[in-house]
Amino acid sequence: MIRRLAHLCLFTDQLDRLVAFYRDGLGLPVKFRFLAQDEVPFGAYLDCGDSTFVEIFDQAGAAKQWGGTPGPLEAGNRYGHLCFEVTGLAEEVAALRDRGIEVGPISTGIDGSLQAWTADPDGNKVELMEYTHGSQQLQLNGNSVRGLK
């Protein structure tokens, strides 16, 4: 069952500047950061309250971490995906598939949460995420999570 919007993902080529805007300008605390194997930060999770977040990735760092080729970033095309927090992810995925919606396999993200991916009819990415006891989003202290290759 979908509980709420969990996070909105944005891409940037100015990670520090964007994090500073949301952290210092809007007052959203950094919950945790994503670190590459070489310890270079390539993303941040900012806390909006009530288990909702803004997730920001450096586009080049994310491509280095997960593959792909960064395209040009222009105003208005930096949206990455939206994510819904769900309970019973396996059951939700099965129900969606029964309704004819294509959903990828369930996996564990580097933040410790279970996830599955789909897309809306316009091709916008939609993540379905179930928090686990190991999810960084639920930890009391902000940490850095390291990407694994």
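1. A residue counts as buried when its relative accessible area is under 20%. In this predicted model, Phe57 has a relative accessible area of 4%, and it is therefore buried. Phe34, with a relative accessible area of 3%, is buried as well.

2. These two residues also meet each other, since Phe34 and Phe57 form an aromatic pair that is tilted, with 4.9 Å centre to centre and 45° between the planes. Because Phe34 lies in strand E2 and Phe57 in strand E4, the pair ties together parts that are 23 residues apart in sequence.

3. Aromatic pairs deserve a wider look here, as a search of the whole structure finds 11 of them. One of these pairs joins Phe32 and Tyr45, and it is stacked, with 4.6 Å centre to centre and 15° between the planes. Phe32 belongs to strand E2 and Tyr45 to strand E3, so this pair ties together parts that are 13 residues apart in sequence. Both Phe32 and Tyr45 are buried. Ring pairs link Phe32, Phe34, Tyr45 and Phe57 into a cluster that also includes Phe11, Phe42, Phe53 and Trp66.

4. Which residues of helix H1 are buried? In this helix, which spans residues 15–25, they are Leu15, Val19 and Tyr22. They cover an arc of only 70° around the axis, which means that they are on the same side of H1. The face turned away from that buried side carries the exposed residues Asp16, Arg17, Asp24 and Gly25. What covers the buried residues of H1 includes strands E1 (2–12), E2 (30–35), E3 (41–49) and E4 (52–58). After H1 comes Gly27, whose phi is positive, near 85°.

5. Helix H2, made of residues 59–66, has Gln59, Gly61, Ala62, Ala63 and Gln65 as its buried residues, and these pack against E1, E3 and E4. At the start of H2, a side-chain oxygen of Asp58 reaches to within 3.3 Å of the backbone nitrogen of Ala60. H2 is followed by Gly67, and the phi of Gly67 is positive, near 95°.

6. The strand pairing should be read with attention to direction. E1 and strand E5 (residues 79–86) run antiparallel and are joined by seven bridges, with Leu10 standing opposite Tyr79 in E5. By contrast, E5 and strand E8 (residues 125–130) run parallel and are joined by four bridges; the bridge partner of Cys83 is Glu127 in E8.

Definitions and conventions. Residues numbered from 1 in each chain as written. Predicted model: local features only at pLDDT ≥ 70, side-chain atom pairs only at ≥ 80, totals over all residues. Heavy atoms only, no water. Buried < 20%, exposed > 50% of the residue type's maximum accessible area, 1.4 Å probe, protein only. Helix = DSSP H or I, 4+ residues; strand = E, 2+ residues; numbered from the N terminus. Arc of directions from axis to C-beta. Contact = heavy atoms within 4.5 Å. Polar contact = N/O pair within 3.5 Å; in protein donor to acceptor, adjacent residues only side chain to side chain. Pairing = 2+ DSSP bridges. Phe/Tyr/Trp six-rings, centres within 6.5 Å; stacked < 30°, edge-to-face > 60°.
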